[in-house]
Amino acid sequence: MGRYVYLFEEAVGLTRFELGGKGYGLVEMTSVGLPVPPGMVIVTEACREYYRNGGRVPQQVLEEVRQKLEQLSAKVGRRLGDPERPLIVSVRSGAPYSMPGMMDTILNVGLNDRVVEALAERTGNRRFAYDAYRRLLQMFGRIVMGVPGEKFEEVLKRYKEREGVKYDHELSVDALRSIVEEFKRIIKEHTGKEFPQDPWKQIEMAIEAVFRSWNNPRAIEYRRYYKISDDLGTAVNIQLMVFGNTGPNSGTGVGFTRDPSTGEKRLYGEYLPNAQGEDVVAGIRTPLPIEKVDPEIYRQLKETAEKLERHFRDMQDFEFTVEDGKLYLLQTRNGKRTAQAAVKIAVDMVREGLITVEEALMRVSPSDLNQLLHRRLDPRAKVNPIAKGLNASPGVATGKVVFRVEEAVELGKAGEKVILVRPETTPDDIKGIIAAQGVLTSRGGMTSHAAVVTRGMGKPAVVGCEEITIDLEKEQFVTASGVVVRKGDVITIDGSTGYVMLGEVPTIEPEMTEELKTLLKWADERRRLGVRANADTPEAARKAREFGAEGIGLCRTERMFNAPDRLPIVREMIMAATEEERRAALEKLYPMQLQDFKEIFRAMKGLPVTVRLLDLPLHEFLPPAEELIKEIYEMRLRGASEREIEEKLRVLRKVEALREHNPMIGHRGCRLAITNPEIYRMQVRAILRAAIEVLREDGETAEVQIMVPQTAFAKELEIIRKLVEETAEEVFAETGTRIPFKFGTMIETPRAALTAAEIAKVADFFSFGTNDLTQTTLAFSRDDAEFKFLQPYLEKGILKENPFEVLDREGVGRLVRMATQEGKAANPRLEVGICGEHGGEPNSIAFFHEAGLDYVSCSPYRIPIARLAAAQAAIREKVEVSVTV
């Protein structure tokens, strides 16, 4: 059995995972000679042993703590329970990863009735002594013995009212003595036990309470949110108390070595005179800016900040106490910071010679860049959310609530800002989404229609907000707390957090700072993976290029078909009774598609553009059957003509004929091309003609890549390749100009992945459609899974992550890796990319790098995230290779 307890000076060389973050900081600060009160660390293994031991502190741990307390006593000349020279300590938690406020700390351990009276006499400061004892009873009673905190607060409130004071530190000595007696009585009444007067018993119970707090509900929830392992455990730090509440020359504070909001290199923080640490955190009193501290202490703090940064080579967040004019450091950790600050600090530290470029790139979390690329809440604004949903598409949007797509369009044209609120969105709602500032839905997941579309447009969206109940008839929604929001009311949604707020909340504009541009330039120099964009409009293409996209990896043509001016013609094509009628409708669509592609190719001149041919089943372009039945009923009620009713019935019959039991795996994609080849012919003509016209007009065009969706058989691709090449030859003959183009397929069915070697012989490139590949591999319907059983699967550990957000490496990932390897073996010139939502998710990007893909493609606003994540994957691989060598 190993050793569990180390004095700070003995623990140098142990890791953060053994000592916890707080213990590691204390040990390191001690080693460089900073003024740290002496103490000891109980390592995290003891916490794990506590849980293996059925929730009992191992006897060896307690024996080692006793031994170390003897050594500590000898060093400082104080002993537990000695009224003349009492040893008073803090017992604090400290997990390997910072979990601020999630676990428990007890201060002033070692005080009792006898010691407090002697301390009051010896220091001549009765107020300090009884204030410290009051704090111990309050914290120990609440944290260790389970007394509800409000019981103590009620007593404090009563005494402050009685004495006519506002703050705890203004209470008289007599009041504090009476409060101490009341607190002891409350503990006895609530627990049936006396507050322990034995200081060793206090320490023993406090250690157990800290271990117990590792699994309190808020700590569990915090770990779940930040994906921190439940198995790490917490360390316990037992440290000599220094007192910031001994008078006006004492105090406590928190400092940052740089501004955590902006990243500016300046000492930043707060200080509270005559107080203990929890007073700053609790916000009971308003602290002073750190600059207001005594000038000599301020000089020492600036010197300390420099030493901390030189040693830890990162921005530090440190806690300090001043006891009778002497500075002590109680904690340091890598400081939490905004995305803006993270980028600035990383770049500045490279320029200052503190860290390397690779370290700077690894310091910034790719997902944090989301904050920098969308409008975001002003950090100074006070926010009171009325509901919370899934943070599907980042950014902040404010507008009037509308429930109908048509109204969103009308108000949008009139210059009104609106938020479209729907139970869920469908492709038919696209014009409303375009007109709105943002979208709020009560159903749907992170990869639902609303989420995917809004992310592609860079519009904020909060989806799956089950805390609201939408009443489309009354045009209002009601929150879980009973707040009623009606049509026309102004709300703000934050797609970065999922919050919904009443009224307009102040926001700030996004900007690509010089530091961010520098960081991304460094990332581009180090990544292997290419980064392209999913973009269907010229605006999205231009935005993608601005963010550094190296082409378009997915241009969806069905979005173009859904445009309001096209939908009637598309429906005409679907309703056609003969091939001639269908061709006539397609001829009307052709010039529109031609113009679409010209604009996109013009925006992406010199770069590859992968156009996916039509994927959706045809019935999705027609009105829902239920809507048609209702319309026919209403037409009959108002006496519409038989001709009008018959026309509507004809549409209904077509909808019924096209209806499928499972349209996701029905008549769509390449299957549609096999049965209706004229649709793909028209699209290929428009694509190639557009590229040629842009070449003639501008002297340069995009590199055309034509992509077929939903392939399962190599033979399907052979037939469609022949169709594409025949159409291309016709266009080249008509125009007298020949341009190169690539022909490829999406890999989004398991069979396509399993037979990749065969399919690669017919294709110039693969692009993994991981959204559908995940659905077909797991046999999960995305929306049903997210709202019926995915959460229990995550809670029970069946799944570690939502597979529609983070790639399922063991299942879907295995297909991706195998298809890539076998495809490239069969066709060495094969280019392989990914264009599903996973293409913008950092963990998934790391996998695609490892699996040997050539590029990822994601929504324009995730391009910088992908650039950074791809660089980090390359850096990790380089480090791993050097370690193995």
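**Close-up views of a predicted model**

**View 1. The surroundings of Ser 90 in the predicted model.** Apart from its neighbours within four places in sequence, Ser 90 is in contact with Ile 106, Leu 107, Asn 237, Ile 238, Gln 239 and Met 241. Ser 90 itself belongs to strand 3, which covers residues 89–94. Is Ser 90 buried or exposed? Its relative accessibility is 5%, and because buried means under 20%, Ser 90 counts as buried.

**View 2. An open sheet of 5 strands.** The strands follow the order 8-7-6-9-10, and their pairing is antiparallel. Strands in a sheet pair through backbone hydrogen bonds, in either a parallel or an antiparallel manner. Which strands stand at the edges of the sheet? These are strand 8 (288–289) and strand 10 (326–334); each has a single partner strand, so one side of each is left without a neighbour in the sheet.

**View 3. The pairing of strand 6 with strand 9, and the helix beside the sheet.** Strand 6 (residues 251–256) and strand 9 (residues 316–323) are antiparallel partners, paired over 6 bridges. Within this pairing, Gly 251 has Val 322 of strand 9 as its bridge partner. Helix 11, formed by residues 295–312, packs on the sheet and touches both strand 9 and strand 10. The direction of helix 11 makes about 35 degrees with that of strand 10.

**View 4. A closed barrel of 8 strands.** The barrel runs 24-25-26-27-28-29-30-31, and the pairing of its strands is parallel. From one strand to the next, the twist averages 25 degrees.

**View 5. Strands 29 and 30 of the barrel, with helix 33.** How many bridges join strand 29 to strand 30? There are 4 bridges between strand 29 (residues 765–768) and strand 30 (residues 831–834), and the two strands run parallel. One of the bridge pairs places Phe 768 opposite its partner Ile 834 in strand 30. Helix 33 (residues 809–826) packs on the sheet, where it touches strand 29 and strand 30. Its direction makes about 180 degrees with that of strand 29.

**View 6. The whole chain, as context for the close-ups.** The chain contains 35 helices and 31 strands. Its C-alpha atoms fill a box of roughly 105 × 70 × 50 Å, taken along the principal axes. Of its 885 residues, 57% count as buried. Among contacts with a separation of 6 or more, 69% involve residues 24 or more positions apart. The chain exposes about 37500 Å², and carbon and sulfur atoms supply 50% of this area.

Terms used
Residues numbered from 1 in each chain as written. Predicted model: local features only at pLDDT ≥ 70, side-chain atom pairs only at ≥ 80, totals over all residues. Heavy atoms only, no water. Pairing = 2+ DSSP bridges. Contact = heavy atoms within 4.5 Å. Axes fitted to C-alpha atoms, helices over the stretch in contact; angles between N-to-C directions. Buried < 20%, exposed > 50% of the residue type's maximum accessible area, 1.4 Å probe, protein only. Areas by Shrake-Rupley, 256 points an atom, 1.4 Å probe, with all protein chains shown as cover.
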